[in-house]
Amino acid sequence: MQFVLPDDRRTQDLVAVLMSLPSGKVVSYGEVASDAGHPKQARFVGHILAKYAEELDIAWWRVVNAQGRLVPGLEVEQSRLLLAEGVMVSNGRARRTTENS
């Protein structure tokens with residue numbers, strides 16, 4: 001059976017932003033939602049990552065909460081993946097990047 005992403009604009013917009021995150025870029029769930037044009041959908045970004053990251057090969061480790069905290073229960077794996085991309089990780093937090101950094 002072939003995977004098919006739901007055909008709703010919100011999901012499509014959020015997935016497009018998630019798929020465009022380059023190596024070494026770290027953003028918050030809220031930043032993804034805002035960049036996709038759905039600023040109040042930060043929690044839905046987490047839902048999409050939990051449900052579709054594996055099927056769509058989304059770099060889920062590049063998304064953290066607003067304080068930079070890593071995903072609970074996946075801190076070791078997320079830290080390893082971020083460090084491999086040159087991202088600073090300390091005390092369970094990743095340094096978020098901006099357009100200018």
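**Exercise 1. Find what share of the contacts with a separation of 6 or more joins residues 24 or more positions apart.**

Residues 24 or more positions apart supply 56% of the protein's contacts with a separation of 6 or more. Keep in mind that the model is a predicted one. To count contacts yourself, look for heavy atoms within 4.5 Å.

**Exercise 2. Work out the order of the helices and strands, then judge how compact the protein is.**

Start with the inventory: the protein holds 4 helices and 4 strands. Read from the N terminus, these elements follow the order α-β-α-α-β-α-β-β. Next, compare sizes: the radius of gyration is 13 Å, close to the 13 Å from the globule rule for 101 residues, so the protein is as compact as a globular protein of that length. To complete the picture, the C-alpha trace spans about 40 × 30 × 20 Å along its principal axes.

**Exercise 3. Decide whether Ser28 is buried or exposed, and list its contacts beyond its sequence neighbours.**

First locate the residue: Ser28 belongs to strand S1, which covers residues 27–28. Its relative accessible area is 6%. Buried means under 20%, so Ser28 is buried. Now set aside neighbours within four places in sequence; Ser28 then touches Val63, Val64, Asn65, Ala66 and Arg96. Across the protein, buried residues make up 41% of the 101 residues.

**Exercise 4. Describe the exposed surface and the charges of the protein.**

Take the surface: about 6,400 Å² is exposed, with carbon and sulfur atoms supplying 50% of it. Then turn to the charges: there are 12 positive and 12 negative side chains. The centres of these two sets are 8 Å apart.

Conventions:
Residues numbered from 1 in each chain as written. Predicted model: local features only at pLDDT ≥ 70, side-chain atom pairs only at ≥ 80, totals over all residues. Heavy atoms only, no water. Helix = DSSP H or I, 4+ residues; strand = E, 2+ residues; numbered from the N terminus. Rg over C-alpha atoms; globule rule 2.2 N^0.38 Å. Buried < 20%, exposed > 50% of the residue type's maximum accessible area, 1.4 Å probe, protein only. Areas by Shrake-Rupley, 256 points an atom, 1.4 Å probe, with all protein chains shown as cover. Lys, Arg positive; Asp, Glu negative; His and termini not counted. Charge placed at Lys NZ, Arg CZ, Asp CG, Glu CD.
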